[in-house]
Amino acid sequence: MKIFSAAQIREADAFTIAHEPISSTHLMERAAGQCAAWLEDHYSPSHPVYIFCGKGNNGGDGLVIARLMLGHGYDVHTCILQHSSKASPDHEHQLRTLQQLHPTGIYTIGDVSDFPELPPNAIIIDAIFGTGMSRPVDGWVAGIIHLINDQRHKHPIIAIDMPSGLMADESSVHNPVVQAHTTLSFEFYKLAFLLPENAPYAGDVHILPIGLHPDYITQTPARYHLSDREMMRTIYRPRDPFAHKGTYGHALLIAGSYGKMGAAVLSARACLRAGVGLLTCHVPQCGTQIMQISEPAAMCITDEDAHYSTHFHKGISSAGYKAIGIGPGIDKQPGTAKSLEMLMDAWQRPMVIDADALNLLSVYPYLLYKVPKGSLLTPHPKEFERLFGKTANDIARLELLSKKAVELQLYILLKGRYTAIACPDGAVYFNHTGNPGMATGGSGDVLTGILTGLLAQEYTPKAAMLLGVWLHGYAGDLAAAQLSQEAMTASDIISSLGNAFREGI
Ligand SMILES: NC(=O)C1=CN([C@@H]2O[C@H](COP(=O)(O)OP(=O)(O)OC[C@H]3O[C@@H](n4cnc5c(N)ncnc54)[C@H](OP(=O)(O)O)[C@@H]3O)[C@@H](O)[C@H]2O)[C@@H](O)CC1
Ligand SMILES: Nc1ncnc2c1ncn2[C@@H]1O[C@H](COP(=O)(O)OP(=O)(O)O)[C@@H](O)[C@H]1O
Ligand SMILES: [K+]
């Protein structure tokens with residue numbers, strides 16, 4: 001699914017009006033009608049409805065919602081913020097219609113002192129600003145936003161299209177923004193919803209279809225995308241009935257060190273469950289027995305070193321591996337860095353680089369330029385910061401992520417609630433599967449195993465990245481559904497991978 005900018009959304013709106021064709025008034029009726037239907041499904045007429053409207057089209061949506069809910073027997077109070085002397089034409093039209101129907105329920109707000117007293121079971125609808133937000137809100141309008149937020153623990157707050165104050169594609173950090181429990185947004189996810197710095201604002205996001213013209217959506221290129229099941233169906237390749245284990249590749253996982261063999265075992269198990277044909281794990285001497293006993297399906301190569309792997313580069317080009325994954329639990333010994341350098345010099349094909357292998361790239365930055373093109377880098381935010389530095393906000397971090405992926409010709413993901421996958425061509429894909437139950441040690445090691453397993457099966461690096469991250473999150477969701485977010489562990493993500501393949505694609 002494409003994620004369009006605020007400017008593109010305005011174009012989609014105009015394109016629909018011109019080509020469906022439909023009047024802008026009717027498009028507003030359609031959008032607001034979807035919101036009113038959602039609200040009426042979730043709240044009975046026993047809830048007084050307080051709708052805060054701005055003077056643009058977001059406020060226009062609020063006025064239509066007010067009219068529709070009034071018609072269905074709700075006690076509606078419409079509060080119009082006088083932030084500007086001019087209203088949009090559709091706002092003016094909808095206000096005239098509402099005034100004829102319900103002249104007594106409309107109030108104007110010109111200062112914080114006009115904020116109404118809310119009865120106990122009232123619901124708040126935020127229709128002040130939507131995608132037309134062009135600058136940070138200040139003055140008494142910011143005061144109204146703070147007063148709305150003060151009601152958060154007493155009244156449900158439902159934002160229309162965007163929580164007011166939030167800018168769709170710019171950082172809103174330090175700006176006053178409505179903290180909604182629910183956002184009813186039209187047609188598309190907005191980039192702002194996917195950024196960790198905006199976690200307090202949108203609440204549960206529901207995307208309501210309003211019938212924007214399909215030609216605009218298919219013809220207009222977008223830089224940002226949201227992964228979905230449909231995309232996974234085009235990527236996934238069912239197994240060939242005549243396949244043998246050679247068909248699905250031989251993967252090498254370089255993982256584990258003294259005290260961190262668990263990371264290697266988790267990665268190995270995940271790699272096998274991702275469907276790899278054969279798996280060899282390169283481990284230090286202390287890890288051989290652990291690996292052989294924990295995972296009988298994995299073969300083992302034992303390093304010359306007792307506690308750390310420092311000789312994994314040897315014979316790598318002639319070993320017949322289809323993919324290499326390196327990092328989980330390997331530690332940051334200088335000998336490991338040396339071996340990583342020689343491995344990359346010899347291998348020259350895409351590989352998966354995670355955890356301490358990423359940290360080694362931060363310690364020895366020249367190594368970053370030796371990473372084979374098309375490789376998959378999987379940093380969490382701290383590893384990302386060590387690799388590429390700090391940024392002022394999440395939009396700047398996203399720009400940096402994308403810039404590095406293009407400059408280094410790598411697939412770089414940034415882990416989080418919505419993991420962002422940056423591609424060498426500048427595109428960025430967000431993944432929405434997964435849950436906070438995955439915020440537990442070892443979850444990332446599981447992802448490395450899955451990605452290495454998919455790469456060994458000759459999925460392209462991009463396909464492996466998109467499908468692997470999707471399946472990892474989906475398996476995490478299944479594990480949480482079965483065990484709770486609290487009780488699930490990284491091992492449970494692996495146990496749920498089978499069902500993720502079956503149900504998630
Ligand atoms: N496209 C679609 O799919 C559809 C879109 N629809 C709806 O239209 C919405 C977009 O409407 P929009 O373009 O009129 O902008 P909107 O968000 O109401 O804001 C503009 C107003 O805010 C003001 N203003 C801005 N910043 C401000 C600030 N910092 N502080 C104070 N004021 C500020 C600005 O005033 P001005 O800058 O002129 O002073 C102007 O009055 C969209 O989110 C959706 O709800 C649906 O009806 C149909 C389908
Ligand atoms: N709140 C969350 N929502 C969705 N996914 C999450 C959440 N928290 C963590 N995850 C996922 O879990 C994984 C954690 O990886 P990482 O931090 O590297 O773990 P570790 O280093 O312990 O193995 C990432 O893929 C991340 O996207
Ligand atoms: K709003």
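**A walk through the model**

Let us start at ligand 2: among the 18 residues around this ligand (near means that the C-beta atom, placed from the backbone, lies within 6 Å), Gly434, Met438, Ala439, Ser443 and Gly444 come nearest. Two elements give two or more residues each to this shell, helix H14 (443-456) and helix H15 (461-483). Helices (H or I, at least four residues) and strands (E, at least two) are DSSP runs, numbered from the N terminus. H14 provides the largest share of the shell around ligand 2, four residues. By type, the shell divides into four nonpolar, 11 polar and three charged residues; here Ala, Val, Leu, Ile, Met, Phe, Trp, Tyr, Cys and Pro count as nonpolar, Asp, Glu, Lys and Arg as charged, and the others, Gly among them, as polar.

A word on what you are looking at: this is a predicted model, in which local features need pLDDT of at least 70 and side-chain atom pairs count only at pLDDT 80 or more, while totals for chains, interfaces and linings use all residues. Residues are numbered from 1 along each chain as its sequence is written, and chains are lettered from A and ligands numbered from 1 in the order in which they are written.

Now find helix H4 (residues 89-101). Its 13 residues should span 18 Å at 1.5 Å a residue, and its end C-alpha atoms are 19 Å apart, which agrees; the expected span is 1.5 Å times one less than the number of residues. In H4, Asp90, His91, Gln94, Leu95 and Leu98 are buried (20 or more other C-beta atoms within 10 Å of a residue's own; exposed means 12 or fewer, partly exposed in between, with C-beta atoms placed from the backbone). These five lie on the same side of H4 because they cover an arc of only 130° around the axis, taken from the directions from the helix axis to the C-beta atoms. On the other side of H4, Pro89, Arg96 and Gln100 are exposed. What do the buried residues of H4 pack against? They pack against helix H2 (24-42), helix H3 (57-71), strand E3 (76-81) and strand E4 (106-109), where contact means C-beta atoms, placed from the backbone, within 7 Å.

Strand E6 (residues 157-160) comes next. In a regular strand the side chains alternate between the two faces of the sheet. In E6 both faces are covered, with Ile157 and Ala159 buried on one side and Ile158 and Ile160 buried on the other. Strand E5 (residues 123-127) pairs with E6 in the parallel sense over three bridges; pairing requires that DSSP finds at least two bridges between the strands.

Note on methods. Two residues are in contact if their C-beta atoms, placed from the backbone, lie within 7 Å.
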